[in-house]
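I opened the structure and kept notes on what I looked up. The entries follow in the order I made them.

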Amino acid sequence: MHTRRDILRYTAAAGAAGAALPLLSACGSAGAADGSGPTTIRYQGGAGSVHFLELADDLGYLQDITLEWIGDTTSGPQDIQAAATGDTDIGGAFNGAIAKLVAAGSPITSVISYYGADEAAFTGYFVLEDSGISQARDLIGKKVGMNTLGAHHEFVVREWLAQQGLTNDEIAQVELTVVPPVNTEQSLRSGQIDVAALGGILRDTALERGGIRPLFTDQGLYGTFSYGSLVLRDEFIEENPDATLNLVSGLARAIRWTQVTPREEVVDRYVRIIEGRDRNESADAIQYWKSSGVAGAGGLIDEQEFKIWVDWLVRNEELDEGRVEVADLFTNEFNPYHNGTYPAGSGPDGEPVDEAAEPSASPSASPSASPGGDPSEESEDR
């Protein structure tokens with residue numbers, strides 16, 4: 001088996017050779033480079049939301065790729081674990097969770113950013129309006145509700161507490177409590193928890209009812225910032241280099257499409273996709289979509305989006321220094337906005353776009369409570 005660096009050097013060469021083509025043909029069925037037909041990509045989705053795979057397929061960006069939905073994921077860590085074990089071919093999670101899984105020996109590589117935080121898409125950590133909690137130190141001995149541990153919410157809460165000056169011993173006294181997303185607001189209002197992680201439609205409807213205020217937001221930590229990535233198994237990349245290039249190219253173009261297309265057009269297409277896939281689900285939540293929060297054009301990954309969390313894990317003694325190299329966690333080699341297929345920052349077909357359509361990169365630290373966000377925020381913590 002090749003090392004991760006060997007795989008990426010090989011596939012980088014494959015990408016450079018095909019840079020003139022937006023999409024290349026696949027190499028056969030998943031896991032077998034035999035040229036026998038389209039590559040089937042097994043994936044997990046989310047009820048009431050649209051995976052970028054599904055959008056790319058609907059937009060016609062996945063040439064020689066067939067999608068197979070095998071169910072809905074329960075969390076980001078579960079999704080990437082399924083990809084690592086071969087139960088699926090692709091999975092997505094918070095970058096810190098990906099770093100931990102790689103450190104544990106899972107042979108996966110991040111290939112594209114797929115969610116983040118900006119002024120429109122963010123998770124807020126809310127307290128009651130009349131709560132005495134106004135600063136990080138007030139959380140010592142208090143409960144913070146979130147839908148799973150070991151993922152985005154836990155990392156962000158602990159990072160914010162550390163930034164506010166709490167020691168590791170003090171942070172350990174803040175109780176992180178698992179609460180089903182649909183019960184989080186009520187748990188806050190009834191006093192079962194002291195802080196509630198709310199995003200998407202759950203945040204917006206809670207704000208409409210009033211009586212809550214944000215203590216902080218994930219967008220307030222680093223401004224516009226990608227927090228999570230989609231991963232592939234190294235074995236899949238090695239055996240299917242053309243299909244990998246095709247797949248990531250399609251995903252990048254779909255992400256870029258949402259970044260430069262008017263919100264109403266994106267929502268309308270999402271509604272059509274949800275209503276057309278016959279999964280006995282509602283498209284109501286998608287009406288609250290504002291942005292994916294992805295910072296890089298077409299999902300380009302910035303090294304800092306992993307380095308922050310690797311450093312955090314080392315600092316908190318959850319990862320030995322040198323256990324993983326940040327550069328080995330991800331690659332942009334398959335992304336058309338990096339490998340020369342399209343000009344950097346161009347549109348989904350390589351066309352010039354207005355500067356106003358570019359994803360915002362302003363490092364705003366305002367804990368805004370304005371509505372917006374990805375409806376996937378409401379159902380699972382990546």
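**Entry 1: the whole chain**

I started with burial: 57% of the 382 residues of the protein chain count as buried. The model is a predicted one. I found 13 helices and 10 strands in the chain. I also looked up the exposed surface, which comes to about 14900 Å². Carbon and sulfur atoms supply 46% of that area. Then I took the contacts between residues at least 6 apart in sequence, and 80% of them join residues at least 24 apart.

**Entry 2: confidence**

I checked how far the prediction can be trusted. The mean pLDDT of the protein chain is 86, and 83% of the residues reach 70 or more. Where is confidence lowest, and where is it highest? I found the lowest mean, 41, in helix 1 (residues 4–17) and the highest, 98, in helix 2. Over residues 1–34 the pLDDT is below 50, and this stretch has 90 contacts in the model beyond near neighbours in sequence. Residues 360–380 also have a pLDDT below 50, with 68 contacts counted in that way.

**Entry 3: strands 1 and 2**

I looked up how strand 1 (residues 39–45) pairs with strand 2 (residues 65–72). The two pair in the parallel sense, over 6 bridges. In this pairing T39 of strand 1 stands opposite I65 in strand 2. Helix 2 (residues 52–58) joins strand 1 and strand 2 in a β-α-β unit, and I noted its hand as right-handed.

**Entry 4: the sheet of three strands**

I traced an open sheet of 3 strands in the order 3-10-4, with antiparallel pairing. Which strands are at the edges? They are strand 3 (90–94) and strand 4 (108–117), each of which pairs on one side only. From one strand to the next the twist averages 30 degrees. Strand 3 and strand 10 (residues 225–233) run antiparallel and are joined by 5 bridges. I noted one facing pair here, F94 opposite G228 in strand 10. Helix 11 (residues 241–260) lies across strand 3, strand 4 and strand 10. I read its angle to strand 4 as about 5 degrees.

**Entry 5: helix 4**

Is helix 4 (residues 95–103) largely enclosed or open? I counted 8 of its 9 residues as buried, so helix 4 is largely enclosed by the rest of the structure. The buried ones are N95, G96, A97, I98, A99, L101, V102 and A103. After helix 4 comes G105, and I noted that its phi is positive, near 110 degrees.

**Entry 6: the sheet of five strands**

I traced another open sheet, this one of 5 strands in the order 7-6-8-5-9 with mixed pairing. Its edge strands are strand 7 (175–178) and strand 9, and each pairs on one side only. The twist averages 35 degrees from one strand to the next. Strand 6 (residues 143–146) runs parallel to strand 7, and 4 bridges join them. K143 stands opposite E175 in strand 7.

I then looked at the helices that pack on this sheet. Helix 7 (residues 181–189) touches strand 5, strand 6, strand 8 and strand 9, and its direction makes about 145 degrees with that of strand 8. Helix 8 (residues 200–209) touches strand 5, strand 8 and strand 9, and makes about 115 degrees with the direction of strand 8.

**Entry 7: strand 5 and its partners**

I turned to strand 5 (residues 123–128). Strand 5 is joined to strand 8 (residues 195–199) by 4 bridges, and the two run antiparallel. Strand 5 also pairs with strand 9 (residues 212–217) in the antiparallel sense, over 5 bridges. G124 has a bridge partner in each: L198 in strand 8 and T217 in strand 9. Strand 5 is mostly covered, as 5 of its 6 residues are buried.

**Entry 8: V127**

I picked one residue of strand 5, V127. Why does V127 count as buried? Its relative accessible area is 0%, and buried means under 20%. What does V127 touch beyond its neighbours within four places in sequence? I listed I133, L188, D194, V195, G211, I212, R213 and L215. Last, I looked up the separation of the C-alpha atoms of V127 and R189, which is 8.8 Å, although the two are 62 residues apart along the chain.

Methods: Residues numbered from 1 in each chain as written. Predicted model: local features only at pLDDT ≥ 70, side-chain atom pairs only at ≥ 80, totals over all residues. Heavy atoms only, no water. Pairing = 2+ DSSP bridges. Right-handed = clockwise from strand over helix to strand, strands pointing away. pLDDT = per-residue confidence, 0-100. Contact = heavy atoms within 4.5 Å. Axes fitted to C-alpha atoms, helices over the stretch in contact; angles between N-to-C directions. Buried < 20%, exposed > 50% of the residue type's maximum accessible area, 1.4 Å probe, protein only. Areas by Shrake-Rupley, 256 points an atom, 1.4 Å probe, with all protein chains shown as cover.
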